[in-house]
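Visitor: I am new to reading protein models. Can you walk me through one sheet, step by step?

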Amino acid sequence: MLNSTFAKKNPKLFYLLYRKTFFHPNAEPNACHLFLSDLEKQKKLLGIATMNIDFLHQKAGSKSVHEYWGNMRMNHCSLCNKSFDWDIAQQNDIPLCDLCGHVILPDFVLRNLGTYQDNIRDGSNILSKADLMIIAGTKNSWRNFPESTPKVIVNLELPEINESNSLFIQENIAKVFTDVKKVLIHTPIV
Ligand SMILES: [Zn+2]
């Protein structure tokens, strides 16, 4: 489904599946998104490197967000390349370009899941500078992170690593950060 050839040939089926799976433009940020946004406002967070495309970090107010696959607000006409925001997919069954009449598709599909090298470079840059990483909801990619950097890993599945400088929390992400916020109300970060 996440393939430009499939989507161009079967736009109706593509949009049916897209709306059932990825496309939830009215989704709201959870406690984790909001916690990270607060940390950034307090200048305690260098930034976020994410493989999510849901735009929820920006909705939560985060500014330094490096999206390796872009986000769902990035859409283009599959023929003339005119740019569209995601409201076009909220309004129409099969969103069509007003210039040429061809189907409009999300960039991550048009690019066949190609990553954005600039975003990866900027994301890697903040990861290399971090003195602590919060790794939330990612199963395996912690392997790519610097081993010497302490990590807080929040995931429902425990990772198969044994790093003495890391804390593993096996729990739902939103619950963890809801609890963290309750604690911090009484004990602010210093
Ligand atoms: Zn067009």
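Visitor: Which residue in β7 is the bridge partner of Ile135?

Guide: To read a pairing, pick a residue and look across to the next strand. Keep in mind that this model is predicted. Here, Ile135 has Ile153 as its bridge partner in β7. Another pair to find is Ile134, with Val152 of β7 opposite.

Visitor: In which sense do β6 and β7 pair, and over how many bridges?

Guide: Compare the directions of the two strands, then count the bridges. β6 covers residues 133-136 and β7 covers residues 151-155. Their pairing is parallel, over 4 bridges.

Visitor: What is the bridge partner of Ile153 in β8?

Guide: Now look across to β8. There, Ile153 is matched with Phe168. So far we have Ile153 as partner of Ile135 and of Phe168. β8 spans residues 166-170, and 5 bridges join β7 to this strand. These two strands also run parallel.

Visitor: What is the strand order in this sheet?

Guide: Walk across the sheet, strand by strand. The order is β6-β7-β8, in an open sheet of 3 strands with parallel pairing. β6 and β8 are the edge strands, since each pairs on one side only. From one strand to the next, the twist averages 15 degrees.

Visitor: How many helices and strands does the chain have?

Guide: Step back and look at the whole chain. You will find 8 helices and 8 strands. The C-alpha trace spans about 55 × 30 × 30 Å along its principal axes.

Visitor: What percentage of the residues is buried?

Guide: For burial, ask how crowded each residue is. Of the 190 residues in the chain, 22% are buried.

How values were computed: Residues are numbered from 1 along each chain as its sequence is written. This is a predicted model: local features need pLDDT of at least 70, side-chain atom pairs count only at pLDDT 80 or more; totals for chains, interfaces and linings use all residues. Two strands pair if DSSP finds at least two bridges between them. Axes are lines fitted to C-alpha atoms, for helices over the stretch in contact, and angles run from 0 to 180 degrees between N-to-C directions. A residue is buried if 20 or more other C-beta atoms lie within 10 Å of its own, exposed if 12 or fewer, and partly exposed in between; C-beta atoms are placed from the backbone.
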